[in-house]
Amino acid sequence: MRDKDLYEELIRYYEFQIGSMPRREDFKKALRETFSRDDLRFFFQLPYLGFISEAKLQKKLEKIGITREIMHDSLRRLIPKGLVDKFQKNGVWGYERAPIIVVLEMAVREGEDSLFRRVTAQVMNDLIEGAAETIPTRTPYYRVLPLEPAIQSTSRSTVIEVNAVIPDPRQILPLDVISEMLKKVNLIALSNCYCRSSKKIIGEACDHPLETCFYFDELAQMKLQTDYARQVSYEEAMRILYDCETHGLVHNVSNCEGKIQTLCNCCDCSCGVLKAWNRGMRNTTAPSRFVVTLDAARCTLRQDCLAACPADALSLIEGKLNIDLRKCLGCGLCVAACKEGALSMQLREKPPKVFKDNDALYRNIYAESALGLLNRSLGLKKE
């Protein structure tokens, strides 16, 4: 057992989640430089999936000779580096393994340069740009939320002026409205966008706001255990989200109803979710339940909407505005940009599936991931 390569085992564990690890040998070297073997011995005592209380974990560690002091020494590295999440469940503190995306996002948010930070930024960029082979899951992790002024009447009239016809309010559900979803959460944490942070590290920064990633409740509690997130109020969160809209960012939220875990605000120049959508991939984000529609009689071809669209869903063909409904995210940015009110939002004929809760969403994704790995091991071709 002493000869077992725990660094290789850790990479294989992460490959279950994302497919082939980009820059595999560089990543392993960075892991060796950053974490001790005892750190990884501790890590592999955590359940493969799920939560373990601190008391149960300590008893488990004692059996393999890891003392409380060694445990807390490892946690001082593992939690800030994103390998381990610490949070309360039913009032009890405990731990669980964090997914690889958390490792990457924590690393690129670090202020000090290191081999681990540089390598993870390159790995993250490979994933953003689609340069890495990934498991062919089908279920989107995220879904788009439209701008509120584009789909309903609102008292907020000073941020974005929208002249479009408002759709039937009976079509609009709380799961469509960002301000309503945030009212259901108890704790909000805010951090830098890890996609734009990665691009900044490799010298490809864009001009969009950086502090735009939100986490909620248990996940917010996990992030607040690190130095890379801060707690914000509902009011501050909404101000930041309105500012994101003015900068043309797309709201991407957990693909479920009820209590959400994450909310990203994505740009098409740096963010992996929108880049994947624009490459034709439909397993990272789902469009909103709405789609844009055109009143050609009101269109004066100002073309503000073309510049606003992050998905190239709008184009001019023979002097007329054309909408490619296959590309439309239903974000509402073009509706906000249209001064004539020629564009408006309507409910899709077949709205995309929204899962009941996070557990249902990730059960489906993990099942697809396991099937993808099985197919790969059997040499079956991806669809």
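Colleague: Where is L49 found, and is L49 buried or exposed?
Modeller: This is a predicted model. L49 lies in the loop between α3 (37–43) and β1 (52–53). Its relative accessible area is 52%. The cut-off for exposed is over 50%, so L49 counts as exposed.

Colleague: Which residues form a nonpolar patch on the surface with L49, and what is their accessible area together?
Modeller: The partners of L49 in this surface patch are Y48 and Y366. The patch is nonpolar. Together, Y48, L49 and Y366 have an accessible area of about 300 Å².

Colleague: How are α1 and α2 oriented to each other?
Modeller: The axes of α1 (residues 6–18) and α2 (residues 24–34) come within 10 Å. They cross at roughly 125 degrees. That angle is not over 145, and it falls outside 65 to 115, so α1 and α2 are oblique to each other.

Colleague: What is the handedness of the crossing of α1 and α2?
Modeller: The two helix axes cross at roughly 125 degrees. The crossing of α1 and α2 is right-handed.

Colleague: Why is helix α6 largely enclosed by the rest of the structure?
Modeller: Helix α6 spans residues 100–108. Its buried residues include I100, V102, L104 and E105. Helix α6 is largely enclosed because its buried residues number eight of the nine.

Colleague: D243 is in which helix, and how far apart in space are D243 and T212?
Modeller: D243 sits in helix α12 (residues 234–246). D243 is partly exposed, with a relative accessible area of 36%. In sequence, D243 and T212 are 31 residues apart. In space, C-alpha to C-alpha, D243 and T212 are apart by 9.7 Å.

Technical notes:
Residues numbered from 1 in each chain as written. Predicted model: local features only at pLDDT ≥ 70, side-chain atom pairs only at ≥ 80, totals over all residues. Heavy atoms only, no water. Patch = residues over 30% accessible without salt bridge, like charges linked within 9 Å, V, L, I, M, F, W, Y side chains within 5 Å. Areas by Shrake-Rupley, 256 points an atom, 1.4 Å probe, with all protein chains shown as cover. Salt bridge = Lys/Arg side-chain N within 4 Å of Asp/Glu carboxyl O. Helix = DSSP H or I, 4+ residues; strand = E, 2+ residues; numbered from the N terminus. Buried < 20%, exposed > 50% of the residue type's maximum accessible area, 1.4 Å probe, protein only. Axes fitted to C-alpha atoms, helices over the stretch in contact; angles between N-to-C directions. Parallel < 35°, antiparallel > 145°, perpendicular 65-115°, else oblique. Left-handed = near helix turned anticlockwise from the far one by under 90°.
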